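Colleague: I should be grateful for a close look at one part of this model, its charged pairs, together with the architecture that surrounds them.

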Amino acid sequence: MQIRALMYFDELVRTNSMRQAAENLNVAPTAISRQIENLEYHFGAPLVERSARGVKLTAAGELLAARAGRTLRELDHVGQLIEDLKGLQRGKVSIYANGATVANLLAPALAEFSLKYPKLRFEVAITSARQAIEAVNGAEADIAVTLFAPPLSGTKVRLRSEIAYDLIVAPKHVAAERAEIQVKDIAAYSLALPDQSFGFRQAFDARIEKDGLDVEPVFVTSSLEMLKELVLSGAAVTLLPALTVRREIEAGQLRAIPLAGKNAIRTHVDLCVAPDRQLSFAATKLVDFIERFMRERAETSLQAKD
């Protein structure tokens, strides 16, 4: 069985169209059909049913489709490991991250690393924390960098950096000049919070229940950008790590008010890899670099609070 046949089949599954798959692969539709027939001959079973509305996978086709993509990614990974013999002169690294980690952590880390190794290439997907972890587990990503991640198994946490949350307010908000604030005082403000899928929201709700407080957010969203915009407009306050809005704070658009001592709420930024999959030389070097970068940022943050 040839790798090309699997590649053609995988593209057909992705597009659900012989014509579209052929266009994407820059071959004739007959070439796609011929490779599918080769696979059907190899497995001794029909894989697709053709109709005017496209193609439909048979039971055998569904079984192969579930494994073909991962097989091709693993073969691509082997190719990357072979390229490692040439050192950091060539290579590609796939990173999945959720949006909260991008502006003040991942982007500057990648920019600095790329300047050191200009011949490397990077694919960065911005997703939810859950999707980032699942991408590492499914061999779609080499590295995941997540904040607010829900409890998930299957990945190896290479570095976990603790992050404290602050009350984020507009400069003209009544709380803007406070040196610190109690959680119970937040109930008096129009509050915007991430939804219950976020690790922070779960920690916040647990704290509220433990303290017997009645705090009902006005806005609930899965979007960090929405939280920031609501605060920038003066419609609400929110709770976020200051690093996620550092740019706006430095520009004077937002203020970060620490939660008073025992009221502190913390979650983690996680740098994750697959536990059973050897990283390429390029990916290993990048993981090492991001780990150092995260440690330095954490130390800088602690010094700033002191």
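How many salt bridges does the structure hold? Please describe the individual pairs and place them within the fold.

Modeller: This is a predicted model, in which local features need pLDDT of at least 70 and side-chain atom pairs count only at pLDDT 80 or more, while totals for chains, interfaces and linings use all residues. Residues are numbered from 1 along each chain as its sequence is written, and side-chain values use heavy atoms, with hydrogens and water left out.

The structure holds 13 salt bridges, each being a side-chain nitrogen of Lys or Arg within 4 Å of a carboxyl oxygen of Asp or Glu. In one of these, arginine 158 pairs with aspartate 288, with 2.3 Å between the closest N and O atoms. Because arginine 158 belongs to strand β6 (residues 156–164) and aspartate 288 to helix α11, this pair ties together parts that are 130 residues apart in sequence. Helices (H or I, at least four residues) and strands (E, at least two) are DSSP runs, numbered from the N terminus. Both partners are partly exposed: arginine 158 has a relative accessible area of 30%, and aspartate 288 has one of 23%. The classes are buried (under 20% relative accessible area), exposed (over 50%) and partly exposed (in between), with a 1.4 Å probe and protein chains only.

A further bridge joins glutamate 177 to arginine 255, the closest N and O atoms lying 2.7 Å apart. Glutamate 177 sits in the loop between β7 and α7 (183–186), whereas arginine 255 is in strand β11, so the pair links parts that are 78 residues apart in sequence. Glutamate 177 is exposed, at 64% relative accessibility; arginine 255, at 31%, is partly exposed.

Glutamate 225 and lysine 228 form another salt bridge, with their closest N and O atoms 3.3 Å apart. Their relative accessible areas place them in separate classes: glutamate 225 is partly exposed at 45%, and lysine 228 is buried at 9%. Both residues belong to helix α9 and stand three residues apart, about one turn of the helix. Salt bridges with shared partners also connect Arg158, Asp288, Glu291 and Arg295 into one network.

Two of the elements named above, β11 and α9, lead to the sheet. Five strands make up this open sheet, in the order β9-β8-β10-β7-β11, with mixed pairing; two strands pair if DSSP finds at least two bridges between them. Because β9 (219–221) and β11 (255–258) stand at the edges with a single partner strand each, one side of each has no neighbour in the sheet. On average, neighbouring strands of this sheet are turned by 30 degrees against each other, direction ignored. Strand β7 (residues 166–169) and β11 run antiparallel and are joined by four bridges, and isoleucine 168 stands opposite alanine 256 in β11.

Helix α8 (residues 199–211) packs on this sheet, touching β8 (191–194), β9 and β10 (237–240), and its direction makes about 125 degrees with that of β8. Helix α9 (residues 224–232), which holds glutamate 225 and lysine 228, lies across β7, β8, β9 and β10 and runs at about 140 degrees to β10. For these angles, axes are lines fitted to C-alpha atoms, for helices over the stretch in contact, and angles run from 0 to 180 degrees between N-to-C directions.

The largest nonpolar core has 57 residues, of which Leu167 and Phe204 touch the most other members. Helix α11 (residues 281–305) gives the most to this core, with eight residues. Such a core is a set of buried Ala, Val, Leu, Ile, Met, Phe, Trp, Tyr and Cys residues joined through side-chain atoms within 4.5 Å. Not counting residues up to four places away in sequence, phenylalanine 204 touches Val183, Leu191, Leu193, Val215, Leu239 and Ile265; contact means heavy atoms within 4.5 Å. A second, separate core has 18 residues, among them Ala5, Leu39, Val55 and Leu57.

One further acidic residue deserves mention. Glutamate 11 lies in helix α1 (residues 3–15) and counts as buried at 12% relative accessibility. Its contacts, leaving aside residues up to four places away in sequence, are Ala21, Asn24 and Leu25.

In total, the protein has 11 helices and 12 strands, and buried residues make up 45% of its 306 residues. Of the contacts between residues at least 6 apart in sequence, 72% join residues at least 24 apart.
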